[in-house]
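Colleague: Before I use this model, I would like to hear the reasoning behind some of the labels attached to it. Could you take me through them one by one?

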Amino acid sequence: EAISELSDSMLETSMGRIQQIILLGRQKRNLLNIKVKTPLSRLTVIHKDLDLLEGIKQLEDYVKTELNIKNIEFSSEEESFISLYAKPNSPVLGKKLGKEFGKYAGKIKSLTSGQLSELEQNSTIEIDGKNFSSEEILVFREPREGTETLSNSWISIDIDPNLTANLIEEGLAREIINRIQKTRKDLNLNVEDRIIISLSGDDEIIAAANNFKEHISSETLCSSLVTTQVKQTHEFDIDGKFLSLEIQKS
């Protein structure tokens with residue numbers, strides 16, 4: 001049976017936000033056309049609630065793994081990343097306001113970021129003597145110019161899209177690992193079998209294999225990895241770069 005006194009509502013809320021961060025991160029990668037196998041240097045999680053950010057911070061390693069991010073930063077300064085704007089929930093307010101809908105629709109669209117933050121915090125706001133709830137006014141977020149911010153109704157993220165040579169090489173190394181594992185499976189090798197790998201290919205592939213040799217060997221149970229001309233080849237195209245593999249049981 002569940003022990004109710006051990007329940008941590010903030011941790012549960014944080015985990016829900018983590019799921020939203022993962023979805024936004026994947027969506028942003030798609031928009032930037034950067035595959036998940038290519039690591040990125042930074043992701044900033046943005047929310048006004050400091051307690052919520054602290055809860056998310058406890059789970060940041062999960063975000064790093066899921067989105068392949070090197071560093072996670074946290075900011076409560078939403079105004080540095082996003083602008084808030086509002087629209088009336090027309091089906092709801094149309095019934096409530098009747099002929100006054102047009103008048104209040106304009107006022108709702110003119111609400112400032114500060115007023116909308118107040119609405120989100122208090123779940124209600126007064127406009128010209130009438131009270132409106134957060135269900136009657138829809139709040140949207142848009143990125144400020146010069147940022148790579150993406151938001152939904154619950155959380156915002158900002159990603160550094162700049163790819164250094166090392167990040168690109170690490171991404172290629174992950175692609176090489178993927179092709180090695182595929183070839184292992186095609187050769188009907190057991191999961192625990194140690195292997196000897198010979199590979200050749202374009203210069204970028206060879207550089208990535210050499211610079212991330214230990215990581216590739218560890219991930220693939222490789223006892224020997226050499227870059228040389230191969231005989232029995234398994235050929236792959238990795239984003240226009242050629243890779244040829246030979247794998248033998250050690």
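Modeller: What follows is a set of questions about salt bridges, burial, pockets and overall form, and the model they concern is a predicted one.

Colleague: Why is the contact between K70 and E170 called a salt bridge?

Modeller: The term asks for a side-chain nitrogen of Lys or Arg within 4 Å of a carboxyl oxygen of Asp or Glu, and the side chains of K70 and E170 meet at 2.9 Å, N to O, so the pair qualifies. K70 belongs to strand β2 (residues 69-75) and E170 to helix α7 (residues 165-186), so this salt bridge ties together parts that are 100 residues apart in sequence.

Colleague: Which of the two, K70 or E170, is buried, and how do you know?

Modeller: Buried means under 20% relative accessible area, and E170, with 11%, is therefore buried. K70 has a relative accessible area of 37%, which falls between the 20% and 50% cut-offs, so K70 is called partly exposed.

Colleague: What makes E78 and R141 a salt bridge at 3.8 Å?

Modeller: The limit is 4 Å, and the N to O value of 3.8 Å is within it, so the pair counts. E78 sits in the loop between β2 and β3 (82-88) while R141 is in strand β6 (residues 137-143), so the parts tied together are 63 residues apart in sequence. With a relative accessible area of 6%, E78 is buried, and R141, at 18%, is under the 20% cut-off and therefore buried as well.

Colleague: How do K182 and D186 stand to each other in helix α7?

Modeller: They are 4 residues apart in that helix, which means a separation of about one helical turn. Their closest N and O atoms are 3.2 Å apart, and this is within 4 Å, so they form a salt bridge. K182, at 43% relative accessibility, and D186, at 48%, both fall short of the 50% that exposed residues must exceed, so each is classed as partly exposed.

Colleague: How many salt bridges does the structure hold, and which residues are linked in a network?

Modeller: There are 16 salt bridges, and the network links K35, E175, R179 and D239.

Colleague: What makes up the lining of the largest pocket?

Modeller: This pocket, with a volume of about 520 Å³, is lined by 18 residues, of which E120, V139, R141, S153 and W154 lie nearest its centre. Strand β6 gives the most to the lining, with 5 residues, and by class the lining has 6 nonpolar, 7 polar and 5 charged residues.

Colleague: Which element gives the most to the lining of the second largest pocket?

Modeller: Helix α7 does, with 4 residues. The volume of this pocket is about 210 Å³, and its lining includes K35, E175 and D239, three names that also appear in the salt-bridge network. By class, the lining has 4 nonpolar, 3 polar and 4 charged residues.

Colleague: The secondary structure comes to 9 helices and 12 strands; why is the protein called more spread out than a compact globule?

Modeller: For 250 residues the globule rule gives 18 Å, and the radius of gyration is 25 Å, well over that value, so the protein is more spread out than a compact globule. Along its principal axes the C-alpha trace spans about 80 × 50 × 30 Å, and 40% of the 250 residues count as buried.

Definitions and conventions. Residues numbered from 1 in each chain as written. Predicted model: local features only at pLDDT ≥ 70, side-chain atom pairs only at ≥ 80, totals over all residues. Heavy atoms only, no water. Helix = DSSP H or I, 4+ residues; strand = E, 2+ residues; numbered from the N terminus. Buried < 20%, exposed > 50% of the residue type's maximum accessible area, 1.4 Å probe, protein only. 1 Å grid on protein atoms, 1.4 Å probe; cavity = no way out; pocket = protein on both sides within 12 Å on 5 of 7 lines; lining within 4 Å. Points joined across faces, edges and corners; volume = space filled by probe spheres on them. Nonpolar A, V, L, I, M, F, W, Y, C, P; charged D, E, K, R; others polar. Rg over C-alpha atoms; globule rule 2.2 N^0.38 Å.
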